[in-house]
Amino acid sequence: MSATLPLYVTTPSVPTEAELVALLRTALESRRLSNAGPLNHQLKLRLSEMIKVPHLSLTSNGTAAIEVVARALEFRGKVITTPFTFPATAAALIWTGVTPLFVDVEEDFLTIDPDAVEQAMEDNVSGILGVHVYGNPCDVVRLDAISKKHGIPLVYDGAHAFGSTYNNVDVSRYGDATTFSFHATKIFTTAEGGAICVNSPELHRRIELLSNFGIESEDSVVDIGINAKMSEIHAAFGLANLLHYHDDLERRREIRDCYDEALANVKGISILRDRPGISDRLQYYVIRVRDGKRDNVQRDLKSCGVFARRYFYPLLSDIKAYRRVCPSASNSFPNASRAAAEVLALPLSANMKKEDAFRVASIIKTSIS
Ligand code: T4K
């Protein structure tokens with residue numbers, strides 16, 4: 001059977017036209033298009049039940065979710081985070097007037113290194129923002145202890161981690177708040193969208209207020225909020241997509257297993273490990289290509305119609321615009337720098353066929369041999 005070309009790093013799952021129209025009808029007939037409409041309510045309920053979290057707010061995207069959390073937790077001064085991430089993580093802090101303080105990541109899982117966090121602590125640090133990179137949870141136990149010891153909030157950017165559990169508990173139950181992205185490239189998508197999960201009802205209330213301009217009622221504005229709301233159209237898209245969500249995960253598992261089989265023990269390559277204790281990591285399939293061959297491999301894949309991505313290169317700490325405003329806790333980030341030079345996210349989506357994964361693996365093997 002022929003492969004599905006071109007192959008992008010990810011391709012969104014979409015509902016059928018009939019499924020989408022059925023859900024959109026509610027919005028079209030009622031003309032309720034935004035501001036906590038019934039479809040938002042329904043999606044919120046479905047997602048909270050699905051991942052078993054007490055408080056979930058929907059947002060317009062994953063970046064706005066981080067901004068709202070930063071305001072809700074009154075981040076100021078510096079917040080310790082990682083340079084090995086998508087620009088949104090640090091940009092959201094900067095846009096709320098907070099300075100990201102970069103520290104290195106752990107060698108194995110590429111999540112923020114708790115030792116580096118501890119070493120970077122200083123008086124004007126008001127929080128920690130870890131990133132569950134590629135769905136691998138941070139070392140939530142050690143980070144929790146550090147945040148409690150210093151009396152500062154702990155937040156996770158879980159843009160890649162929707163639906164993942166760690167020690168049988170949804171990743172978003174750890175820390176004070178977790179943000180998700182439901183962008184088109186994400187495992188569960190509303191086209192554009194995101195969510196914030198928290199355990200505290202008071203924090204949840206504040207987040208809901210801040211996401212809607214701080215408006216409490218028609219005659220009461222209690223805070224300086226922003227517009228971070230999800231529209232009813234996006235909520236409809238999400239609800240329709242949920243109809244296939246579990247099947248999509250199963251398809252992704254099949255593709256992951258094919259890659260695992262085809263790329264095991266290939267000299268010059270290692271497959272990113274799962275942190276022990278996690279359920280599934282199906283957002284990105286990431287390999288590390290050693291000996292400076294990563295960019296060649298990416299080029300060879302591209303010439304065959306396979307668009308793998310160097311998530312995350314360059315490191316934020318190497319980008320001029322970030323260097324200008326973000327101090328670094330150390331002069332170098334050896335683990336993050338090595339990762340930025342070696343990582344390659346291979347195509348992974350529910351639309352792929354098994355032979356696609358074997359074909360990608362075979363191009364890689366030829367490229368590095
Ligand atoms: N924190 C982290 C750790 C994140 O990774 C992200 C986003 C965020 C926060 C912020 O969340 P949002 O505010 O975005 O909700 C993509 C996504 O745009 C971005 O959401 C994501 N991370 C990042 C890792 O990937 P690009 O610049 O790589 O996107 P692009 O347009 O090159 O798309 C990648 C591939 O996906 C394309 O080659 C084709 C395919 N694609 C893309 C889109 C948009 C489709 O098939 N359909 C589509 O509609 O950033």
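**Ligand surroundings**

I looked up S181 and found a polar side-chain atom of this residue 2.7 Å from an oxygen atom of the ligand; a polar contact is taken as a pair of N or O atoms within 3.5 Å, and within protein one must be able to donate a hydrogen and the other to accept it, with residues adjacent in sequence counted only if both atoms are side-chain atoms. The model is predicted: local features need pLDDT of at least 70, side-chain atom pairs count only at pLDDT 80 or more, and totals for chains, interfaces and linings use all residues. Residues are numbered from 1 along each chain as its sequence is written, and side-chain values use heavy atoms, with hydrogens and water left out.

For T63, I noted a polar side-chain atom 2.5 Å from an oxygen atom of the ligand. For D157, the partner is a nitrogen atom of the ligand, 2.6 Å from a polar side-chain atom. I then listed the surroundings: there are 25 residues around the ligand (a heavy atom within 4 Å), and T63, D157, H160, S181 and Y311 come nearest.

**Domains and core**

I recorded the division into domain 1 (17-242) and domain 2 (244-368); the bounds come from an automatic or database domain assignment. The contact between them (heavy atoms within 4.5 Å) takes 47 residues from domain 1 and 39 residues from domain 2. Their C-alpha centres lie 24 Å apart.

I next examined the largest nonpolar core, which has 48 residues. Such a core is a set of buried Ala, Val, Leu, Ile, Met, Phe, Trp, Tyr and Cys residues joined through side-chain atoms within 4.5 Å. Buried means under 20% relative accessible area, exposed over 50%, and partly exposed in between (1.4 Å probe, protein chains only). L43, L47, I80, V117, F162, F182 and F188 have the most contacts inside this core. Helix α8 (residues 232-242) gives the largest share, five residues; helices (H or I, at least four residues) and strands (E, at least two) are DSSP runs, numbered from the N terminus. Each of the two domains supplies at least three residues to this core.

I followed L47 further: leaving aside neighbours within four places in sequence, L47 is in contact with K52, L56, L58, F162, F182, F188 and L242.

**Helix α6**

Which residues of α6 are buried? In helix α6 (residues 140-150), they are V140, L143, I146 and S147. They lie on the same side of α6 because they cover an arc of only 125 degrees around the axis, taken from the directions from the helix axis to the C-beta atoms. The buried residues pack against α5 (114-120), β5 (125-131), β6 (154-157) and β7 (165-166). The face turned away from the buried side carries the exposed residues V141, K148 and K149. Just after α6, I noted a positive phi of about 65 degrees at G151.

**Two single residues**

I looked up K78, which is placed in strand β3 (residues 78-81). Is K78 buried or exposed? K78 is buried, with a relative accessible area of 17%. The side chains of K78 and E122 are joined by a polar contact of 2.9 Å.

I also checked S231, in the loop between β12 (220-221) and α8. S231 is buried, with a relative accessible area of 18%. A polar atom of its side chain lies 3.2 Å from the backbone nitrogen of I233. Beyond neighbours within four places in sequence, S231 is in contact with L33, S34 and N40.
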